[in-house]
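Colleague: Could you take me through one part of this model in close detail? I'd love to know what surrounds it and how the neighbouring pieces connect.

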Amino acid sequence: MPRKVHYGVDYDDSYDVYEDYDDDYADNYDYEVEQNASETMAKLEADKSGVWRCPICTYDNEDSMSACDICGVLRNPLIKAIAKMDIGGGISLSAPFKFDALSPDDLVSNGLRSVKSKSKGNILSKKETKIQVESELVAKGPVTRERRNGVSENDSASGSGNKSEVFDTRMKAETSSSKSRKEEIIDEGKTSTSQYNPEKWMIPDKLDAGLSQLNLAIVGHVDSGKSTLSGRLLHLLGRISQKEMHKYEKEAKQQGKGSFAFAWAMDESAEERERGITMTVGVAFFTSRKYQIVLLDSPGHRDFVPNMISGATQADAAIIVVDASLGSFEAGIDATGGQTKEHAQLVRSFGVDQVIVVVNKMDVVEYSKERFDTVKEKLRTFLRSCGFKDSCILWVPASAMENQNLVANASDVRLSWFKGPCLLDAIDYLQLPTRDYSKPLLMPICDVVKLPSQGQVSACGKLESGAIRTGFKVMVMPSREIATVRSLEKDSQVCNIARAGDNVTVNLQGIEGNRVTAGGMICHPDYPVQISNYLELKILVLDISTPIVIGSQFEFHIHHAKEAARVVRILSLLDPKTGKTAKKSPRCLLAKQNAIVEVALQTPVCVEEYNNCRALGRVFLRASGRTIALGIVTQIIKREE
C-alpha cells in the first residue's frame, strides 16, 4: 500500500474555526459575553455570507473567487464569471475575455488569485490602471511571458486605450508577478542542451574494437523458470565453472531443493534460496557472437514488481518466459493475478519493442506442438494489444532443465518439428536501439556501494545519454554535489570510457557516501537534470476496478525512484484514436481511458520531460499491489508551498 501523503488543507478535529476571527473577540469573551453575544452572531453571519463552498472538495472559498482555490473547479460558467468581474475600480467586460495560449482553467485560476490579493488593499482606479500599464509598455516594449510548457514568447500589446487590451495586459502582468500564484514552471537557469557540443572521445569510432552492449531483461510469471533458464545459459557459456555448479547442486540437495541448483546461480541471498523465489534483479554478463549481453533476471512474484521495475527499466530488449505446463500458463495470463500480462505491459512501457518469448518447460508437455501453438496464439493476441509488432516477436520452445534449444538446436527428436533458431541465436537477431552519444551525460543510479575505508562510493546504472571517462567531473543529483570519476567498471573489468547504453559501475571520490542515493542521477555539471515533485502526466489507465479520482493515492515509479504520490487535478480525457481532448475536467478515470492529470509527489525526484529524455520521462503508477496506469511526463511544474 502506498504511504499516506499529506497535501493541501488538513480537515481534522484540531482545526479551530475561531482562528479566522479577530483576537479582540477571544480576549473579551470572558468579560463581555452577554453584551457581545448579538454582535458575535452578526459577525459570524456576515463572514459566512461572504464565502461559497466548492461542490467537489467542500472547501470554503471567498465570495470574490470564481474558482476553488484548492481544486480549481469553477463556481459558475466561464463566460458568466468573466463578464461579471469588476477589475481595478470599475472596468467591466461586456464581451468574453479573449484567451491567449494559456488554458482557460489556468488563466481564470491565476487571474482570480491576483484579483483576490488586490482587493484586500491596493486597488487602483481605472485611470491609474491604464496609465501604469501604458507606462510599462513604453518602458519595456513587448511583454515577455513564460508559458506553462516552459517556452518564452513575446506578447505584443498596444497602448491604444482599448479597455479589453488594457485588462489583458494587466492580467498577464499580475499573473506573472503575484505571490499568491501556486504553480510556476521550473526555471533554474539551466543551459539548453541544444548548445551542448560533445567532445571527440564521446562519439564512438567505427573502427573501435569490441562488441556492443545489449541490456536484456528476463521477465515473466512466478515459477516460470526464469532464474533456472539464466543459470543454465550462463553455465553452458562458461560463465559459471563446473566447480561452482557442483557447489550449488550440493547445497540445493541439502535443503531438499535439488531442482533449484541452476536458479541459485542467480538467487544468491539466503532469503531467496529459502523461499525459492527471486526477490531482487540479478545482473549477469555473457557474450554472444554479436553482443556483450547484460542479463537482468527480474523477480516474477507480484510482491516484488517494484524491484522488477527498478531493474528492468534499463532493458533494450526482453525475454518473456512462460510456463508451457497445463494450468501454469493460464495462471500467468489471468487478468487478476497473472504477472505475464503485467510484465509485458511494463516492458512495453519501458520503450522495449523487441521481445523473445521462451515457452519453457516443454518437457512437461512432452514437447507437444499443439500445446506450443495454443500458448503462442493466446499470448500473441495480448502482445499485439500492448503494441508489439509480430515482426519484432520471436518464439522459442525450450526446456531449461533438460538443456533443449538454449545454445544449440534441440537434440530431442520430439522437438524436431521446430525449425526456428535456438535461444542464443535468437538473441543475435535483436537489433541495437539508437544511442544518444551527442547529448549531455545522464545516468540514473540503480544501486550504491559505499567503501568508507577507501574514501569512495560506487554508483551502478546504465548510461542513458552522453559519455563518461576516468577523471571526469560529474554532478550527483539531487544533492547537487560535484564528484570526480576515480575509475569505471564494465562486467567487473576496469575500463577508461563508457558511453550511452553501457551498464557500468562508476567509482566516485570527493563526495560523502550519504550524498549518493539510488534513484538519483549522475549528470554533466553544466547540464543538471531537473528536480520536481509536481508533474503533469499523460497516462493510460489499465484494468482497474476502482476509478481514479482527485485525491487518489498511489506509488509513483520513475527510472529507479519510487515515491508516494497523489492526484491533484484531472485536466482532460483524451480520444484514444486521435489523442485530442474529448472531455475537460472529468470527475473520475475508468479502465482503458487516456487522460492528462497533475500529480504531487511526497519528495522531489530527478525527472525530464519525455520529449527531452524518454528514459527519464516514463512513469508507472501502482496501488494495492497492482499497476494501475502507465504514462509519460508532459510538463514539469514547481509547486510553491
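Modeller: Happy to! In this predicted model, Lys473 stands opposite Thr484 in strand β19, and that pairing is a good way into strand β18, which covers residues 473–477. β18 is joined to β19 (residues 481–490) by four bridges, and the two strands run antiparallel. Together β18 and β19 make a hairpin, with three residues between them.

The turn of that hairpin deserves a careful look. Arg480, which sits in the turn, has a positive phi of about 60°. Pro478 is also found in the loop between β18 and β19. The peptide bond joining Met477 to Pro478 is cis, with omega of about 5°.

β18 has another partner too: strand β23 (residues 521–523) pairs with β18 in the antiparallel sense, over three bridges. Here Met475 stands opposite Cys523 in β23. As for the surroundings, four of the five residues of β18 are buried, so the strand is largely enclosed by the rest of the structure.

Since Arg480 came up, here are two further places with a positive phi. Glu366 has a positive phi of about 60° although it is not a glycine, and its place is in the loop between β12 (355–360) and α13 (369–386). Glu366 is partly exposed, with a relative accessible area of 49%. Asn405, likewise not a glycine, has a positive phi near 70°; Asn405 lies in the loop between β13 (393–397) and α14 (423–429). Asn405 is buried, with a relative accessible area of 3%.

Definitions and conventions
Residues are numbered from 1 along each chain as its sequence is written. This is a predicted model: local features need pLDDT of at least 70, side-chain atom pairs count only at pLDDT 80 or more; totals for chains, interfaces and linings use all residues. Side-chain values use heavy atoms; hydrogens and water are left out. Buried means under 20% relative accessible area, exposed over 50%, partly exposed in between (1.4 Å probe, protein chains only). Two strands pair if DSSP finds at least two bridges between them.
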